[in-house]
Amino acid sequence: MNLSETTRTLLRLVETRSGIPVNVEPDPSLPVGTLAKVVVARGTLNLHRVSYRPDSSLAPDYLICKQAGYILRLFDTPPEKRFDFAGSSEGVAAVERLVNAHPVAKMVPPEALPKFCQILYDGLMFHLRSIPVGMRVDRWLATEFPALAESQKASALREVQDSVTTLAPQHRQVSPQKMFDATQAISAAFASFWAGRLNQPQLALPFKAAGYFQAGQELLSIWESTPDIAENDRAIIDGWAEKLGIAGWYQWVPYSAPK
């Protein structure tokens with residue numbers, strides 16, 4: 001794997017700060033829309049695993065560096081304040097109630113409903129967990145590693161465009177209103193963040209036209225008013241969840257360091 005010097009520098013930084021090695025590998029089986037993921041070392045897993053989707057149109061370095069940034073934010077948090085974001089039975093039950101009260105429940109075979117609910121739940125929770133912290137990581141990467149600027153821009157534009165496609169009617173029709181609104185508010189915050197950074201205000205226009213611009217601005221206000229230190233990442237996520245009406249849909253579990 002031919003990684004850039006910037007990527008190698010960041011991976012060394014992760015290993016130095018965490019005291020744990022990092023394994024990086026391509027993974028063509030990643031879900032559609034997921035360009036990269038990280039599994040942080042914990043319990044019996046004695047290494048950090050970073051995987052990325054092979055794509056000839058997008059070099060993997062920025063994707064790998066962003067995942068490294070997530071690891072660094074965890075280990076920049078004091079040990080007693082390190083927590084993992086995890087699902088909860090209360091959250092899944094809330095989604096099941098919303099789905100059962102939505103017309104989509106009659107469109108999905110009864111035996112497939114639990115899996116359908118889980119997919120909707122996992123998607124929203126991933127969005128809530130990854131976007132606000134990812135924006136912190138991206139701002140840091142832009143400042144400290146400008147060599148990533150072009151690939152970072154390309155990835156951000158791609159992600160904004162992908163999120164715009166979810167505004168289509170067919171997505172609204174299969175998602176309960178509360179979940180759809182929460183997802184689009186988060187996407188609007190993300191689009192507005194990059195609209196400002198790239199000086200491309202048009203990026204946020206689809207969300208303004210769809211009525212989600214103000215909700216995105218309210219999330220951004222929480223993000224901007226919270227001091228940028230790693231231990232505040234939980235507070236930002238909790239603040240967003242409260243604003244979106246989905247507080248209590250997840251839990252914070254104390255991080256279990258590798259044995």
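How many disulfides does the structure hold? The structure, a predicted model, holds zero disulfides.

**View 1. Two cysteines, C65 and C117, in a structure with zero disulfides.** A disulfide is a covalent bond between the sulfur atoms of two cysteines. C65 has a relative accessible area of 0% and is buried. C117 also counts as buried, at 3% relative accessibility. C65 belongs to helix α2 and takes part in the contact with helix α1, shown in the next view.

**View 2. Helix α1 against helix α2.** Two packed helices are described by the angle between their axes and the distance between the axes. Helix α1 spans residues 5-18 and helix α2 spans residues 61-75. Their axes come within 9 Å and cross at roughly 20°. An angle under 35 degrees counts as roughly parallel, and α1 and α2 are therefore roughly parallel to each other. The crossing of α1 and α2 is left-handed. From α1, the contact uses T6, T7, L10, L11, L13, V14, R17 and S18. From α2, the residues are D61, I64, C65, A68, I71, L72 and F75. By class, the residues of this contact are ten nonpolar, three polar and two charged.

**View 3. Helix α5 against helix α7.** Helix α5 covers residues 149-165, and helix α7 covers residues 177-197. The two pack at an angle of about 145°, and their axes are 10 Å apart. The crossing of α5 and α7 is left-handed. On the α5 side, the contact residues are Q152, A156, E159, V160 and S163. On the α7 side, they are Q184, S187, F190, A191 and W194. The contact of α5 with α7 divides into five nonpolar, four polar and one charged residues.

**View 4. L203 in the loop between α7 and α8.** The loop that holds L203 is followed by helix α8, residues 205-209. Is L203 buried or exposed? At 12% relative accessibility, L203 counts as buried, because buried means under 20% relative accessible area. Leaving aside neighbours within four places in sequence, L203 is in contact with L157, V160, A191, W194, A195 and L198. Among them, V160 of α5 and A191 and W194 of α7 also belong to the contact of α5 with α7.

**View 5. L203 and T143.** This view sets L203 beside a second residue, T143. L203 and T143 are 60 residues apart in sequence. In space, the distance between them is 22 Å, C-alpha to C-alpha.

Technical notes. Residues are numbered from 1 along each chain as its sequence is written. This is a predicted model: local features need pLDDT of at least 70, side-chain atom pairs count only at pLDDT 80 or more; totals for chains, interfaces and linings use all residues. Side-chain values use heavy atoms; hydrogens and water are left out. A disulfide is a pair of cysteine sulfur atoms within 2.5 Å. Buried means under 20% relative accessible area, exposed over 50%, partly exposed in between (1.4 Å probe, protein chains only). Axes are lines fitted to C-alpha atoms, for helices over the stretch in contact, and angles run from 0 to 180 degrees between N-to-C directions. Helices (H or I, at least four residues) and strands (E, at least two) are DSSP runs, numbered from the N terminus. Angles under 35 degrees count as roughly parallel, over 145 as roughly antiparallel, 65 to 115 as roughly perpendicular and the rest as oblique. A crossing is left-handed if the near helix is turned anticlockwise from the far one by less than a right angle, and right-handed if clockwise. Contact means heavy atoms within 4.5 Å. Ala, Val, Leu, Ile, Met, Phe, Trp, Tyr, Cys and Pro count as nonpolar, Asp, Glu, Lys and Arg as charged, and the others, Gly among them, as polar.
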